[in-house]
Amino acid sequence: MANVVIVGAQWGDEGKGKIVDLLTRYADLVVRFQGGNNAGHTIVLKREKFVVHLIPSGILYRNKKCIIGSGVVLDPAVLLKEIDGIKKRGYFKDDSQLMISEGTHLILPYHRRIDMAREKIFKIGTTGRGIGPAYEDKVARCGIRVVDLMDEKIFREKLEANLIQKNVYLTQVLGEKGFEFSEIFDEYLQYKNRLGKYVKNTSLVLYKEIEKGKNVLFEGAQGALLDLDHGTYPYVTASNTLAGNACAGSGIGPTMIDSVVGIAKAYTTRVGEGPFPTELQDELGEKIREKGGEYGATTGRPRRCGWLDAVVVNHSIRVNGIREMVITKLDVLNDFDTIKICVGYRVNGKVFYHVPSNLEILKRSEPVYEELDGWKTEIKGAKDFKDLPSNAKRYIRRIEELIHTKIMMISVGSERNETISIKNPFLRKK
């Protein structure tokens, strides 16, 4: 038995979807424990591209249970569209594959409208999906959960109470149009009828399955530098993206987690606002963007691109308790003469090796680089670490030295079979 948490070690978009899809082969259950449809995980299977936003990435396997945990905020319309789309393509034929926690909070139309209106006032790069306002209601104890939607009387009472406040805020503070009760109530009752079969006490289900010795894969969204407490606040997402939240967001205890695996690209990307020390605002950054297809899976926005930042990855390893790392998209760097790694930040002549909490200092940080020779050859056919060109192996080994953590897997292409597997967290020697 092994219970493994997968987390992003940068600003999200590290390729977690592919790695979760790969490791699902060894898992019995896959659990999404935080975030909402502001995250998009991309999977390429038999040259066919799938983008999932709410359903765990393991859904493309038959006979694998997928759970949306209570730490997620759920937009029912998006989920149902996702379900229909995957089923139309010949996957997810058995409804018992998917379970939604009773405690999962709902995103309502007023959350989206508030989100977009506030982004006009203070731009932080939100997707406008209503994720932040939904989490705010959860903390303010006026959120509406999936279990509330299942009871028409409770849903009516909570929605009526919330709309009194939301309409005042929308119209008198944000200058936006309010909502009629019936337009939301009638729409969401339709969702209730379709979602009811998926709603379970998933904490209980998980506990029983773990007690039976089942393998569980916990799938995080976004990345550590977008964590609400330990990211580049306020340019972060609205939830805790760290491995520690796998427990709270799924309803199991920390003693049930066996390993934490971090995912990082062979370079760095970021979407939205906020400091980014290694960002390349030149033809090199554009080259990485085009070769890596660095456009948001959720929004289509071009991602900001730069060299690998070992300071950022070390920060992620520390706050997540990462034991092993995966490096993705190594093949994107095939055509570079030289490749740089950021090993520290220089501010006012002083070099330091951690991510500062003070964003003004981070904004002024000048990256201290090491430069390595590129390999200038295609690596997609590599099946084993020894198959990589010597300079590619040197690059990977230097990353390991800088982050003091072993790399267990290297992605050299988008397909499942374009992956070098050095170690499997589900197949540990006893």
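A nonpolar core is a set of buried Ala, Val, Leu, Ile, Met, Phe, Trp, Tyr and Cys residues joined through side-chain atoms within 4.5 Å. The exercises below use a predicted model.

**Exercise 1.** Find which residues have the most contacts inside the largest nonpolar core, and which helix gives the most to this core.

Solution.
- The largest nonpolar core contains 58 residues.
- Within that core, Ile6, Leu79, Tyr110 and Leu217 have the most contacts.
- Helix 7 gives the most to this core, namely six residues.
- A second core, separate from it, has 57 residues, among them Ala266 and Phe385.

**Exercise 2.** Check the span of helix 7 (residues 181-195) against the value expected from its 15 residues.

Solution.
- The expected span is 1.5 Å times one less than the number of residues.
- For the 15 residues of helix 7 this gives 21 Å.
- The end C-alpha atoms are 21 Å apart, so the two values agree.

**Exercise 3.** Decide where the buried residues of helix 7 lie around its axis.

Solution.
- The buried residues are Ile184, Phe185, Tyr188, Leu189, Tyr191 and Leu195.
- Because they cover an arc of only 165° around the axis, they lie on the same side of helix 7.
- The face turned away from this buried side carries the exposed residues Gln190 and Asn193.

**Exercise 4.** Classify the crossing of helix 3 (residues 109-121) and helix 7, and name the residues that make the contact.

Solution.
- The two axes come within 10 Å and cross at roughly 120°.
- Angles of 65 to 115 degrees count as roughly perpendicular, and those over 145 as roughly antiparallel.
- Helix 3 and helix 7 are therefore oblique to each other.
- Pro109, Tyr110 and Arg112 of helix 3 make the contact with Ile184, Glu187 and Tyr188 of helix 7.
- Tyr110 also touches residues including Asp137, Leu159 and Phe179.

How values were computed: Residues are numbered from 1 along each chain as its sequence is written. This is a predicted model: local features need pLDDT of at least 70, side-chain atom pairs count only at pLDDT 80 or more; totals for chains, interfaces and linings use all residues. Side-chain values use heavy atoms; hydrogens and water are left out. Helices (H or I, at least four residues) and strands (E, at least two) are DSSP runs, numbered from the N terminus. Buried means under 20% relative accessible area, exposed over 50%, partly exposed in between (1.4 Å probe, protein chains only). The arc is that of the directions from the helix axis to the C-beta atoms. Contact means heavy atoms within 4.5 Å. Axes are lines fitted to C-alpha atoms, for helices over the stretch in contact, and angles run from 0 to 180 degrees between N-to-C directions. Angles under 35 degrees count as roughly parallel, over 145 as roughly antiparallel, 65 to 115 as roughly perpendicular and the rest as oblique. Lists of a residue's contacts leave out its neighbours within four places in sequence.
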